[in-house]
Amino acid sequence: MSAENQEQRQLLQERPVVLVHRIPAFQLPFAGVRTHFTFFDPLLHSPESTQSFLSRHATAIRALLCVGPAPVTSETLDLLPALEIVVGSSAGLDHVDLQECRRRDILVTNAGAAFSEDVADYAVALLIDVLRSISGGDRFVRSRLWAKNGEYPLGSTLRGKRIGIVGLGSIGSEVAKRLVAFGCSIAYTSRRKKSAVSYPFHANVCDLAADSNVLIVCCSLSKETHHMINKDVMTALGKEGVIINVGRGALVDEKELVQFFMRGEIGGAGLDVFENEPNVPKELFTLDNVVLSPHVSVVTPESFAALEEVVIGNLEAFFSNKPLLSPVQLD
């Protein structure tokens with residue numbers, strides 16, 4: 001046995017084994033977790049060595065660390081008969097087969113509140129940009145149109161806007177807190193009414209849209225929420241209405257949204273997520289009342305540091321038989 005194999009066997013005996021599940025575009029970003037656990041990352045090995053590792057150690061792998069949007073399907077779970085927990089590194093888990101995890105009694109965690117404050121900041125920034133046309137004004141100046149065309153068109157104030165939040169979880173709650181400070185009124189819709197908050201609750205998103213100037217979408221994506229921002233919702237929101245999406249692209253019917261813009265039947269949008277990333281509808285590129293962002297609302301060093309704490313905390317809690325930091329309710 002080589003010295004490398006001896007060292008690996010010793011590590012497997014000394015520290016819990018965690019299998020890394022990721023797509024090539026995503027690296028394992030958590031330096032700290034490597035000192036706590038023994039990780040096996042199949043993308044760093046040949047298919048033969050991965051198959052060999054799983055054939056020898058699959059029954060010892062109780063934890064799967066899912067980095068980014070790597071799909072966790074029933075086929076993935078079939079390879080890991082001893083799996084007890086999927087530790088997610090994102091807030092949304094539409095890439096994980098939660099029903100199958102529930103059927104197999106596999107625990108699931110997500111990023112918890114690690115991203116909430118930075119995503120909330122970004123949602124508010126997108127809204128201000130749309131209302132005041134900051135990005136459009138920047139293009140106006142850079143194109144030397146200021147001297148040629150004169151004054152730039154008026155924007156709209158944030159103060160006093162009626163904000164409808166779709167999904168009042170940890171992100172939505174942080175968004176509400178920030179917008180209250182701007183003098184906005186808040187209403188929301190969620191899977192259920194929150195007894196601990198005083199904001200008006202709407203049982204469906206159409207009613208919320210009809211009572212709002214702005215919809216901020218920050219709920220999770222599921223079969224039930226797919227295209228929940230549809231033609232009826234956009235119509236209810238009205239010609240001056242604004243949509244901000246920092247959740248998942250497929251929460252909004254993107255083709256319908258494009259048609260509303262082409263007909264001038266909606267006021268603006270700030271979009272950090274899209275249905276078919278990184279592809280964005282070309283019709284949106286020339287519109288100054290649309291702000292486009294490359295799915296970066298969570299991307300700050302501070303968010304990743306907070307995420308590392310959550311990931312380590314969940315793994316440590318699991319292997320110590322203690323309560324998880326950010327468990328997902330599989331109902």
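Here are some worked exercises on this structure, which is a predicted model.

**Exercise 1. Get the overall picture.**
Find how many helices and strands the protein has, and what share of its residues is buried.

*Solution.*
- Start with the secondary structure: you should count twelve helices and eleven strands.
- Next, put a box around the C-alpha atoms along the principal axes; it comes to roughly 75 × 50 × 30 Å.
- Now run the accessibility: of the 331 residues, 47% are buried.
- Last, take the contacts with a separation of 6 or more; 59% of these link residues 24 or more positions apart.

**Exercise 2. Lay out the five-stranded sheet.**
In what order do the five strands of the open sheet run, and which strands are at its edges?

*Solution.*
- Follow the pairing across and you get β2-β1-β3-β4-β5, with parallel pairing.
- The edges are β2 (38-40) and β5 (107-109), as each of these pairs on one side only.
- From one strand to the next, the twist averages 25°.
- Then look at what packs on this sheet: helix α12 (residues 301-319) touches β1, β2, β3 (63-66), β4 (85-88) and β5. Compare directions, and α12 makes about 165° with β4.

**Exercise 3. Walk through the bridges.**
Starting from β1 (residues 17-21), how many bridges join this strand to β2, and how many to β3?

*Solution.*
- On the β2 side there are three bridges, and Val17 sits opposite Thr38 there.
- On the β3 side there are four bridges, with Val20 opposite Leu65.
- Step on from β3 to β4 and you find four bridges again, in a parallel pairing. Here Cys66 has Gly88 as its bridge partner.
- Now check the side chains of β3. In a regular strand, side chains alternate between the two faces of the sheet. In β3, Ala63 and Leu65 point one way, while Leu64 and Cys66 point the other way. All four of these residues are buried.

**Exercise 4. Do the same for the six-stranded sheet.**
What is the strand order of the open sheet with six strands, and by what angle are neighbouring strands turned on average?

*Solution.*
- The order reads β7-β6-β8-β9-β10-β11, and the pairing is parallel.
- β7 (185-189) and β11 (290-292) are the edge strands, each pairing on one side only.
- Ignore direction, and neighbouring strands are turned by 15° against each other on average.
- Zoom in on one end: β10 (residues 268-271) and β11 run parallel and share three bridges. Gly270 pairs with Val291 in β11.

**Exercise 5. Check a helix for regular length.**
What span does helix α5 (residues 116-132) reach, and what span is expected?

*Solution.*
- α5 has 17 residues, and at 1.5 Å a residue the expected span is 24 Å.
- From first C-alpha to last, α5 reaches 24 Å, close to that expectation.
- Go on to burial: the buried residues of α5 include Val119, Ala120, Ala123, Val124, Leu127 and Leu131.
- Then look just past the end of the helix, where Ser133 takes a positive phi of about 55°.

**Exercise 6. Place two arginines.**
Is Arg178 buried or exposed, and which side chain does Arg248 make a polar contact with?

*Solution.*
- Arg178 belongs to helix α8 (residues 170-181). Its relative accessible area is 18%, so Arg178 counts as buried.
- The side chain of Arg178 makes a polar contact with that of Glu174, at 2.7 Å.
- Leave out residues up to four places away in sequence, and Arg178 touches Glu117, Ala120, Asp121 and Val124.
- Arg248 lies in the loop between β9 (242-245) and α11 (254-262). Its side chain makes a polar contact with the side chain of Asp94, at 3.0 Å.
- With neighbours within four places set aside, the contacts of Arg248 include Ser90, Gly92, Leu221, Val273 and His295.

**Exercise 7. Look for disulfides.**
How many disulfides does the structure hold, and why is Cys184 not bonded to Cys218?

*Solution.*
- The count is zero.
- The cut-off for a sulfur pair is 2.5 Å.
- For Cys184, the closest cysteine sulfur is in Cys218, 14 Å away, so the pair is too far apart for a bond.
- For Cys219, the closest cysteine sulfur is also that of Cys218; at 7.2 Å, this is too far for a bond.
- As for burial, Cys184 is buried at 8% relative accessibility, and Cys219 is buried with a relative accessible area of 16%.

Methods: Residues numbered from 1 in each chain as written. Predicted model: local features only at pLDDT ≥ 70, side-chain atom pairs only at ≥ 80, totals over all residues. Heavy atoms only, no water. Buried < 20%, exposed > 50% of the residue type's maximum accessible area, 1.4 Å probe, protein only. Helix = DSSP H or I, 4+ residues; strand = E, 2+ residues; numbered from the N terminus. Polar contact = N/O pair within 3.5 Å; in protein donor to acceptor, adjacent residues only side chain to side chain. Contact = heavy atoms within 4.5 Å. Expected span 1.5 Å × (residues − 1). Pairing = 2+ DSSP bridges. Axes fitted to C-alpha atoms, helices over the stretch in contact; angles between N-to-C directions.
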